[in-house]
Amino acid sequence: MAKPKVAFYWCASCGGCEEAVVDLAENILKVVEAVEFVLWPVAMDFKIKDVEALQDGEIAVSFINGSIRTREQEHIAKLLRKKSGLVVAFGACAHIGGTPGLANFSNREIIFDYVYQKSPSLDNPNKIFPQEKTTVKEGELTLPKFYNTVFTLDQVIDVDYYLPGCAPPPDLIMNAVEAILTGNLPPKGTVLAPDKSLCDTCKRKITKPEKAVIKQFRRVHEVLLDPEKCFLDQGIICLGPATRDGCGERCINANMPCRGCFGSTSRVEDQGAKFLSALASIIDADSEEEIKKITDSIADPAGIFYFYSLPASMLRRKFRTEL
Amino acid sequence: MKKRITIDPITRLEGHGKIEIFLDDRGDVEKAYFQVPELRGFEVFSVGRPAEEMPRITPKICGVCPTTHHICSTKALDDLFKVEPPPAAKKLRELMYSAFMLEDHNLHFFFLGGPDFVVGPSAPPAERNILGVIAKVGLEIAGKVIKLRRECRDVITLMGGRVIHPVCGLPGGMSKPLAEDDRLKIVGVAKNGVEFAQFALKIFDDVVLKNKEYVDLVLGDTYKHTTYYMGMVDKNNKVNFYDGDVRVVTPEGKEFARFRPGEYLNHIAERVEPWSYMKFPYLKNVGWKGFVDGKDSGVYRVAPLARLNVADGMATPLAQAEYERMFTTLGGKPAHNTLAFHWARLVEALYAAERMLELAQDKGITDPHIRNIPTAIPDEGIGIVEAPRGTLIHHYKTDKNGIITEANLIVATVNNAAAICMSIEKAARGLIKGGKVSDGLLNMVEMAFRAYDPCFACATHTLPGKMALSVQIRNSNGDIMQTISRE
């Protein structure tokens, strides 16, 4: 029997998801043995035209990481969708937009203006911006269009499954691969990680505030961090209550609070809104004035509550602009 | 008739890098362009974020060198909040950073740059990759490489919570102290690292230096540019990755500038070209003369060979001996041979391993006092570290509450942007004559920029494997005359 064909591709990403695959270490050999790669730019020598030459649906599964930020990325995502039986959004950026999705607080014009006009190290007397088409004396050069908005993968193509995390941990990657190889798959649209909140398995759960106790929020650099106590109980913003479990509490292990890279559980529509509601239940205030005082002690709530998930949120982006 | 060659590097840099070579009427190279078609705008979406989150935001620039951005950002926060970390915290940061440099440099040599030499620049392309390296050196050695990588990455996980985007850095310190039994484990990893780094240099010796053809290639003109160099040095002018002054030397090797991180704007400026999203830094006090080398051009280079060129030596004994041996073979300092970046990288890996061992053997590193809480009002902070791929600069401004109002990032590979374009053009010139393109062009061009271990916009960084290229030769109407692909 022919081995199932697999593609692994990166869009607007950092390469961390590729590293996560390399971090499978010895297990990567098992994967390589069981499947036939048809595209894996980071490790193997296949071309887009090879993918174009495949039958529609011929690729068993495409793992796509990164968000969609340029026309070229959208084009390749669509090509892989057409050629693939299954598409898995791999990692936080493809799943919920990722931290670079915070760029949806701005747009192309604002980004170009700073990067190419205002940055303090610039020497750009002729006010040059990168162009989609440039005529140099030898001919024409092109660049792909840079979109105004960061998109999650499922805002551009139909996605079958999601592997969460920045980056997804090796055990979840292996579980997903095995589930796909054995055909032992959950319903379409499932996030391939436990469907409970991070707090449920957190070692510090025992000290998690059950009632309204918080009088003031603090920032991580302002206080010594207690290595045993729930961060929320210390008045430190930790996205655990609004975040899906499965990462192994890796940030908490380094004595730092969660920022939500796994997204929310299936019962939650909007991770930031969920966190807001969790927060509301632990604020200890008697008056509106006091509530305001306490919530004002949270630095950048929009940025922190949507640290990874702004493009996937109901808000999605700040500006109503064209693509 | 004018021709045009499009080199579309469709693996490893898929969608993130592109080369256009234009030929003149005789079919010789008129001009080459290296384009980076990607941008994510970190400087802009960092605005409005709390400064202390920057060490968690900026590593997302690159998942291959997140430790670099994390540590650089943390140092910028020390400067911003005007707080000095306790000695143990500084040691912890440098220990973690040394483990990272050791791992990353070896990854490049064995998986990326090495295949060209270990398997051979003219070997069948299908073998010119990590599998070819394994076939040549044996499974046992491959096992050593995998083990070293895993052990170093476990050290980073232990300290940073996660190896892909660590989270432990705070202004004035670290989030978690090091336990004594963990320290002992790290001593073991570092000892193994020193041994491994020496072994990697031995492989370089056996494979490259004992082969006249390779030595000629390294020393030849095709891969040579006489440029300025930039890198960080300690107070004794020895290479340092974590802290020190930035030193710049002229193409003759004389000190041209030496500056603190806070002074970088007096020395570096960036050009914009309409055909790339990547900017082109140059030395302000020399001036921008375009994509040319020499003393009058402000183009400078960073990364391993540059660092060794700017320094007076290495701070650890085994690496110092290798440093001396390298420059003797290359005919003195500074060395302008682009392919010697590979050699310098291995000398640096040995230094990283020795430094890691020194730090792990320092019992003071387990001191639980690892935080000083900042008390000053923040306004502006600049941090510089040496990334595997060169000098990395993070510059933040905040309001009085420590909310970012401006962020400027000059990422390691960007410093080499102009030099990479020039190297590509020079390699192409050496190969393409009279419109004839040989198969060898593909790998020769590849080798010209692979030496820099390029990490374009830190988003498109290369990993195990090799880059496939397809070259299309078009006539002036854009019709394809000839296609060469390396399978």
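Before I count anything, a quick word on terms: by helices and strands I mean DSSP runs, with at least four residues for a helix and at least two for a strand, numbered from the N terminus. On that basis, chain A has 12 helices and 9 strands, while chain B has 14 helices and 16 strands. And please keep in mind, everyone, that what we're looking at is a predicted model.

So how far can we trust it? The model scores an ipTM of 0.95 and a pTM of 0.93. For chain B, the mean pLDDT is 87, and 87% of the residues reach 70 or more. There are weak spots, though. Residues 9–15 of chain B stay under 50 in pLDDT, and the model gives them 28 contacts beyond four places in sequence. Likewise, pLDDT is below 50 over residues 456–471 of chain B, a stretch with 83 contacts in the model beyond near neighbours in sequence.

Let's turn to chain A. Its C-alpha trace spans about 65 × 60 × 30 Å along the principal axes. The radius of gyration is 22 Å, which agrees with the value near 20 Å that a compact globule of 323 residues would have. Of those 323 residues, 49% count as buried. If you take the contacts in chain A with a separation of 6 or more, 76% come from residues 24 or more positions apart.

For a closer look, find strand β8 of chain A, residues 146–151. Here 6 of 6 residues are buried, so we can call the strand mostly covered. Its partner is β4 of chain A, residues 68–70; the two run antiparallel and are joined by 2 bridges. Within that pairing, Ile68(A) stands opposite Phe151(A) of β8(A).

Now over to chain B, where 65% of the 487 residues count as buried. Among its contacts between residues at least 6 apart in sequence, 71% join residues at least 24 apart.

There's a nice hairpin here, made by β13(B) and β14(B) with 5 residues between them. Strand β13 covers residues 390–398, and its antiparallel pairing with β14(B) runs over 6 bridges. Across the pair, Lys397(B) stands opposite Glu406(B). In the turn you'll find Gly402(B), with a positive phi of about 75 degrees. As for β14 itself, residues 404–410, 5 of its 7 residues are buried, so the rest of the structure largely encloses this strand.

What about the nonpolar core? The largest one holds 252 residues, and those touching the most other members include Ile64(A), Leu92(B) and Met356(B). Helix α4 of chain B, residues 87–118, gives the most to this core, with 17 residues. Let me pause on Met356(B): leaving out residues up to four places away in sequence, its contacts are Leu95(B), Ser98(B), Ala99(B), Leu102(B), Ala190(B) and Gly193(B).

Last stop, the interface. How many residues does each chain bring to the contact? Chain A brings 73 and chain B brings 73. On the chain A side, the elements that each supply at least two residues include α1 (16–22), α4 (71–83), α6 (108–118) and β4, the strand we met earlier. The largest share of that side comes from α1(A), with 6 residues. By type, the chain A side divides into 41 nonpolar, 18 polar and 14 charged residues.

That's my tour; thanks for listening, and I'm happy to take questions.

Definitions and conventions. Residues numbered from 1 in each chain as written. Chains lettered and ligands numbered in written order. Predicted model: local features only at pLDDT ≥ 70, side-chain atom pairs only at ≥ 80, totals over all residues. Rg over C-alpha atoms; globule rule 2.2 N^0.38 Å. Buried ≥ 20, exposed ≤ 12 C-beta atoms within 10 Å, placed from the backbone. Contact = placed C-beta atoms within 7 Å. Pairing = 2+ DSSP bridges. pLDDT = per-residue confidence, 0-100. Nonpolar A, V, L, I, M, F, W, Y, C, P; charged D, E, K, R; others polar. Core = buried A, V, L, I, M, F, W, Y, C linked by C-beta atoms within 7 Å.
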